[in-house]
Amino acid sequence: MTNSPSTCRRESRAGVPLDPQGFVDLAVRLRASREARDASGLHAVDGVRNAMRCVEHGVGIGALGVCRERCATPAGEQLVRVVRRRGVPIVRLSREAAGGLATTARESGLVAVVRQHVHESLPEAGRDVWLCVSSVRSPGNLGTLLRSAAAVRAGGLICLGPDVDPFDPSVVRGSMGGVFGVRLFRTDAPTLGRWIARSGVLAVAADAGSRRVFDSFEYRRPCLIMLGEERSGLSDEQRALCRTRVRIPMVRGVDSLNVGVAGSLLLYASRADRGARGSR
């Protein structure tokens, strides 16, 4: 007996194929191609931890691919029960299919196809600290920024322009699940400029040429930390948006810190400054 076309083409509400081969093919495309990610509004993530972070932060899972033999752990079994109760479709994967989707030597036997949680409209700034980038050369650096932003409970990451892809598999992996705990926004320079003016945001650029040292500066709220690309630094439109610049001092002969470390230092300086002023 053969499957009917309707059965073979069955999909979740997010448009994820629910037959094993269709699910695997989609996951492979999403990992390999930003074009596929952007066109579908989806991305694929590995592992129990990442999938559980999606559940914890309300990031929609379109479908969960599970290999029972490779995912027979208490945490994996708990995750399957949780997502099933929430109505997430489960796709059963063979050992071979799960092995083909593994991206690390320590494969989990679990892959989730997840909705991209990026917003086009900027929210109220509140009294938060925000990060803004327009280009990051290394996906690992962007992952570090997202991990640090989650750790200090930043307001969110604003992607200025189309270049930054927070759903690149290397970014997701580098964030250690932090990407799912950070609100993500994409906008252009004029819109961001109006948001800064309307919300009274203090836009602070990390700039090696500044006289102000980053950890002696008062980061009032709301605050936007603007970070440039690793090699070329701040773009002209980024500079135009920032009235204030701070530098991270380094000993002579050291070129610069990578943007992941630099951004993390500024995030923690702003957090420490808020705590000190709040206790006075």
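Two strands count as paired if DSSP finds at least two bridges between them. With that idea in hand, let us walk through this structure, which is a predicted model.

Start with the sheet of seven strands. This sheet is open, its strands follow the order 5-8-7-6-10-9-11, and the pairing is parallel. Strand 5 (118-119) and strand 11 (244-246) stand at the edges, and each has a single partner strand, so one side of each is left without a neighbour in the sheet. If you wonder what holds such neighbours together, strands of a sheet pair through backbone hydrogen bonds, either parallel or antiparallel.

Now look at one edge of this sheet in detail. Strand 9 (residues 202-206) pairs with strand 11 in the parallel sense, over three bridges. To see a pair of residues in that arrangement, find Ala205, whose bridge partner in strand 11 is Arg245. Keep Arg245 in mind, as we will return to this residue later.

Helices pack on the sheet as well. Helix 7 (residues 139-151) packs there and touches strand 6 (129-133), strand 7 (156-160), strand 8 (184-187) and strand 10 (223-227). The direction of helix 7 makes about 170 degrees with that of strand 6. Helix 9 (residues 189-199) also packs on the sheet, touching strand 6, strand 7, strand 8, strand 9 and strand 10. For helix 9, the angle to the direction of strand 7 is about 140 degrees.

Next, turn to the sheet of four strands. This one is open too, with the order 1-4-2-3, but its pairing is mixed. Strand 1 (42-46) and strand 3 (90-92) are the edge strands here, each pairing on one side only. From one strand to the next, the twist averages 20 degrees. Strand 1 and strand 4 (residues 110-115) run antiparallel and are joined by five bridges. Within this pairing, Asp46 stands opposite Val111 in strand 4. Helix 2 (residues 20-32) packs on this sheet and touches strand 1, strand 2 (61-66), strand 3 and strand 4. The direction of helix 2 makes about 100 degrees with that of strand 1.

Let us move from backbone pairing to side chains. How many salt bridges does a search of the whole structure find? The search finds eight. One of them joins the side chains of Asp165 and Arg37, at 2.6 Å from N to O. Asp165 lies in the loop between strand 7 and helix 8 (169-174), while Arg37 lies in helix 3 (residues 34-40), so the pair ties together parts that are 128 residues apart in sequence. Are these two side chains in buried or exposed residues? A residue is buried when its relative accessible area is under 20%, so Asp165 counts as buried at 10%, and Arg37 counts as buried at 3%.

Asp128 and Arg183 form another salt bridge, with their closest N and O atoms 3.9 Å apart. Because Asp128 lies in the loop between strand 5 and strand 6 and Arg183 in the loop between helix 8 and strand 8, this pair ties together parts that are 55 residues apart in sequence. Asp128 is partly exposed, with a relative accessible area of 24%, and Arg183 is partly exposed as well, at 37%.

Here we meet Arg245 again. Its side chain meets that of Asp207 in a salt bridge, at 3.7 Å from N to O. Arg245 lies in strand 11 and Asp207 in the loop between strand 9 and strand 10, so the pair ties together parts that are 38 residues apart in sequence. Arg245 is partly exposed, with a relative accessible area of 30%, whereas Asp207 is buried, with 14%. A network of salt bridges links Asp207, Arg239 and Arg245.

Our last stop is the region that follows strand 11. Met250 is placed in the loop between strand 11 and helix 11 (259-279), and at 35% relative accessibility Met250 counts as partly exposed. Together, Met250, Val251, Val254, Leu257, Val261 and Leu265 make a nonpolar surface patch of about 460 Å². Ser264, by contrast, has its place in helix 11 and is buried, with a relative accessible area of 13%. Which residues is Ser264 in contact with, leaving aside its neighbours within four places in sequence? They are Thr144, Leu145 and Ser148.

Methods: Residues numbered from 1 in each chain as written. Predicted model: local features only at pLDDT ≥ 70, side-chain atom pairs only at ≥ 80, totals over all residues. Heavy atoms only, no water. Helix = DSSP H or I, 4+ residues; strand = E, 2+ residues; numbered from the N terminus. Contact = heavy atoms within 4.5 Å. Axes fitted to C-alpha atoms, helices over the stretch in contact; angles between N-to-C directions. Patch = residues over 30% accessible without salt bridge, like charges linked within 9 Å, V, L, I, M, F, W, Y side chains within 5 Å. Areas by Shrake-Rupley, 256 points an atom, 1.4 Å probe, with all protein chains shown as cover. Salt bridge = Lys/Arg side-chain N within 4 Å of Asp/Glu carboxyl O. Buried < 20%, exposed > 50% of the residue type's maximum accessible area, 1.4 Å probe, protein only.
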